[in-house]
Amino acid sequence: MEATEIRKLAALEDTHWWYRERRVLLGRALRRLAATGARPGRALDIGAAGGGNTRVLRAHGWRPLALEYSAEGAGVARERGLHVIRADARHLPVPSAGLDLVVAFDILEHFDEDHLAAAEIRRVLRPGGTALIAVPADMRLWSAHDVAVGHVRRYDRAGLRAVVAKAGLELDELWSWNVLLRPVAAWRRRRSTGSDLDELHPLVNLGLRTVVAAERHLPVKALPGVTLMLRAHRPS
């Protein structure tokens, strides 16, 4: 992702409906882990950008390290008081089997060799450690936005399962997100000429946030969405 897009994301992520709801989903996933008896430990947030998800990890008691490839993103994360390192997700500068949790939201789609990044996630997780991964869904939604933010592909369920399995991770749960707004996203992407990371009118932002938040309470996870999310673990 270009430096201008990183700065734009960092400026928007605290208020934009997409990023706010993803932080809610991350928080819910962390609470579910806690409910299974998993204690907060060492965590890695790959592709942290401005560190929005890293701050969620910290708020839930985890000891997170933010990892960001770009100088711009790493700089923003440091400005926000986060512990951050710069590195490529295919070559994580982290000891093997040393982490309890890895979060990789919107990372795999940036690499031709997505299996290498997934294998690195497995390597750095301790046996039984958890991976939370999100990727853009469905090549039918491919648009100029994907090109602008450096995507190589969008995923279907079978393709994502295959990448996770090849890496040696065991899939626990796979679901769709942003299902209700998929028709809106498809309409907008067909007309896009670049990134759709734009500041929205507060009322529009609130409306979109209200719609996507409704998915928390509706049985729509098996339907086609804009994003695929999964929870997996490194086998013991």
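**Exercise 1. Describe how helix α2 packs against helix α3, and find the residues that meet.**

Step 1. Start with the geometry: helix α2 (residues 17–35) and helix α3 (residues 52–59) pack at an angle of about 30 degrees, and their axes are 10 Å apart. Axes here are lines fitted to C-alpha atoms, for helices over the stretch in contact, with angles running from 0 to 180 degrees between N-to-C directions. Helices (H or I, at least four residues) and strands (E, at least two) are DSSP runs, numbered from the N terminus.

Step 2. Put the angle into words: α2 is therefore roughly parallel to α3. Angles under 35 degrees count as roughly parallel, over 145 as roughly antiparallel, 65 to 115 as roughly perpendicular and the rest as oblique.

Step 3. Add the hand, which is right-handed for the crossing of α2 and α3. A crossing is right-handed if the near helix is turned clockwise from the far one by less than a right angle, and left-handed if anticlockwise.

Step 4. Now list the partners: from α2 come R22, R23, L26, G27 and L30, and they meet G52, N53, V56 and L57 of α3. Contact means heavy atoms within 4.5 Å.

Step 5. Sort them by class: the contact of α2 with α3 has four nonpolar, three polar and two charged residues. Ala, Val, Leu, Ile, Met, Phe, Trp, Tyr, Cys and Pro count as nonpolar, Asp, Glu, Lys and Arg as charged, and the others, Gly among them, as polar.

A word on the source: this is a predicted model, in which local features need pLDDT of at least 70 and side-chain atom pairs count only at pLDDT 80 or more, while totals for chains, interfaces and linings use all residues. Residues are numbered from 1 along each chain as its sequence is written, and side-chain values use heavy atoms, with hydrogens and water left out.

**Exercise 2. Which residues of α3 are buried, and what covers them?**

Step 1. The buried residues in α3 are G52, N53, T54, V56 and L57. Buried means under 20% relative accessible area, exposed over 50%, and partly exposed in between (1.4 Å probe, protein chains only).

Step 2. Their cover includes α2, together with the strands β1 (42–46), β2 (63–67) and β4 (99–105).

Step 3. Follow the chain just past α3, and you meet G61, with a positive phi of about 95 degrees.

**Exercise 3. Describe the packing of α2 with α9 in the same steps.**

Step 1. The angle between α2 and α9 is about 30 degrees, and their axes lie 9 Å apart. These two helices are therefore roughly parallel to each other.

Step 2. The crossing of α2 and α9 is right-handed. W17, R20 and E21 of α2 make the contact with N205, L208, R209, V212 and A213 of α9.

Step 3. By class, the contact of α2 with α9 has four nonpolar, one polar and three charged residues.

**Exercise 4. Examine H16: is this residue buried or exposed?**

Step 1. Locate H16 in the loop between α1 (3–12) and α2.

Step 2. H16 counts as buried because its relative accessibility is 8%.

Step 3. Setting aside residues up to four places away in sequence, H16 touches D198, L200 and N205.

**Exercise 5. Trace the surroundings of V226 and look at the backbone of N178 and D138.**

Step 1. V226 sits in the loop between α9 (202–214) and β7 (227–233), and counts as buried at 2% relative accessibility.

Step 2. Not counting residues up to four places away in sequence, V226 touches several residues, including W18, P136, L141, W177 and N178.

Step 3. One of those partners of V226, N178, is found in the loop between β6 (170–177) and α8 (182–191). N178 is buried, with a relative accessible area of 2%.

Step 4. Check phi: most residues other than glycine have a negative phi. N178 has a positive phi of about 60 degrees although it is not a glycine. D138, also not a glycine, has a positive phi of about 75 degrees; D138 lies in the loop between β5 (125–136) and α6 (144–148) and is buried at 14% relative accessible area.
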